[in-house]
Every structure is written in structure tokens, then in C-alpha cells.
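The exercises below ask you to read a protein chain step by step, with the sequence and the structure side by side. Try each task before you turn to its solution.

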Amino acid sequence: MNCQPINLGEKLAKFDELWTPKIVAAFNGHDVMVVKAKGEFNWHAHPDTDDLFHVLSRRLTIQLRDGDVTLGPGEIHVVPKGVEHCPRADEETHLLIIEPAGTPNAGAPEIAAIKTQI
């Protein structure tokens, strides 16, 4: 068991890849991940789980079929399961994402980024 705090800034400084979740912790069967985002991801949905986005820096727009949600630092949004969405960041944005372990970030395993521990 690790009793040390996790510094998200230090974790984010360890990689440059965009839209590739890095696992920084786990709890109750969920992965806690940091992500660097820039540009548009892809339209997708998660049929079995909600999708939580927490913006750590800059801005993220979560495009939805019925309107966009724009988040700034310190703001979160939960996309309900089954709702199609497409995250977009006009400049490099840092995110904290929490998902059940094994959830593909693109909604489908064949196009999802490989999640790695950092």
C-alpha cells in the first residue's frame, strides 16, 4: 500500500503523448488517470459506464449531439453511459479521468489507447 500523496503535475510531466490515459491510482475497481488532450478525439459512447472528466488546466469542450459543454480548470462533467460524445481541446489541456478498470477510452477496444501505469 502506498501512503504517499500523488502529485498530478509530476505525473503529467513524465509523458508527452496526447489522448493516452496514464493510470496514477486505483480504487474500488476504478482507474484514476491523467491525460494530455489537444485537438479533437473521436465520437464515441460507453454503453456500460458514465464518463467523468475533471479539467486540471486550460479548457475542454465535450461535444454532445444536443449541445456542447465547456469546462475550465477545476470543473467536472459526467457524460452519462450510452451518450455519444467527442472531447476537444483547442490547446493542450490536462485532465483527470476516472473510469472502471478496463474501460476502453474510445468506447471500443479495437480503437482505444492502451492505458499504462505511470
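**Exercise 1: The partners of the strand β1**

Task: Find which strands pair with β1, and in which sense each pair runs.

Solution. Begin with strand β1, which covers residues 22-27, and strand β2, which covers residues 30-40; in this predicted model the two pair in the antiparallel sense, over five bridges. Within this pair, look for Ile23, and you will find it standing opposite Met33 in β2. Next, follow the chain through the hairpin of β1 and β2, where two residues lie between the strands and where Asn28 takes a positive phi near 45°. Then turn to strand β8, residues 116-117, which pairs with β1 in the parallel sense over two bridges. Ile23 takes part here as well, for its bridge partner in β8 is Gln117.

**Exercise 2: The order of elements along the chain**

Task: State how many helices and strands there are in the chain, and give the pattern that they follow.

Solution. Counting the elements gives one helix and eight strands. If you then read along the sequence, the pattern is α-β-β-β-β-β-β-β-β. As a further step, consider the contacts between residues at least 6 apart in sequence: of these, 63% join residues at least 24 apart.

**Exercise 3: The partners of the strand β3**

Task: Determine which residues are the partners of His54 in β6 and in β7.

Solution. Take β6 before β7. Strand β6 (residues 76-79) is joined to β3 by four bridges, and the two strands run antiparallel; in β6, His54 has Ile76 as its bridge partner. On turning to β7, you will see that β3 pairs with this strand too in the antiparallel sense, over five bridges, and that Leu96 in β7 is the residue opposite His54.

**Exercise 4: The nonpolar cores**

Task: Identify the residues of the largest nonpolar core that touch the most other members, and the strands that each supply at least two of its residues.

Solution. The largest nonpolar core holds 16 residues, and those that touch the most other members are Trp19, Phe53, Leu60, Ile62, Leu95 and Ile97. At least two residues of this core come from each of β2, β3 (51-57), β4 (60-64) and β7 (85-100). Apart from this core lies another, made of six residues, including Phe15, Val32, Val34 and Leu96.

To see one core member in its surroundings, set aside the neighbours of Leu95 within four places in sequence; Leu95 is then in contact with Met33, Val34, Val35, Ala37, Phe53, His54, Val55, Leu56 and Leu60. Finally, examine the ring of Phe15, over whose face lie Lys22, at 5.4 Å from the ring centre, and Lys36, at 5.1 Å from the ring centre.

**Exercise 5: Two residues with a positive phi**

Task: Decide whether Trp19 is buried or exposed, and do the corresponding work for Arg58.

Solution. Recall, to begin with, that most residues other than glycine have a negative phi. Trp19 is not a glycine and yet has a positive phi of about 55°, and its place is in the loop between α1 (8-12) and β1. Its relative accessibility is 13%, and because buried means under 20%, Trp19 counts as buried.

Arg58, which is not a glycine either, has a positive phi of about 65° and lies in the loop between β3 and β4. With a relative accessibility of 38%, which falls between the limits of 20% and 50%, Arg58 counts as partly exposed. For the chain of 118 residues as a whole, 41% count as buried.

**Exercise 6: Distance in sequence and distance in space**

Task: For Asp68 and for Val69, find which residues they touch beyond four places in sequence.

Solution. Asp68 is placed in the loop between β4 and β5 (69-71), and is partly exposed, with a relative accessible area of 48%. Once its neighbours within four places are left aside, Asp68 is in contact with Thr61, Ile62 and Gln63. Along the chain, Asp68 and His85 are 17 residues apart, while their C-alpha atoms are separated by 9.1 Å.

Val69 is found in strand β5, and, not counting residues up to four places away, Val69 touches Leu60, Thr61, Ile62, Leu64 and His77. Val69 and Pro87 are 18 residues apart in sequence, and from C-alpha to C-alpha they are 9.4 Å apart in space.

Technical notes: Residues are numbered from 1 along each chain as its sequence is written. This is a predicted model: local features need pLDDT of at least 70, side-chain atom pairs count only at pLDDT 80 or more; totals for chains, interfaces and linings use all residues. Side-chain values use heavy atoms; hydrogens and water are left out. Two strands pair if DSSP finds at least two bridges between them. A nonpolar core is a set of buried Ala, Val, Leu, Ile, Met, Phe, Trp, Tyr and Cys residues joined through side-chain atoms within 4.5 Å. Buried means under 20% relative accessible area, exposed over 50%, partly exposed in between (1.4 Å probe, protein chains only). Contact means heavy atoms within 4.5 Å. A charge sits over a ring if NZ of Lys or CZ of Arg is within 6 Å of the ring centre and within 35 degrees of the ring normal.
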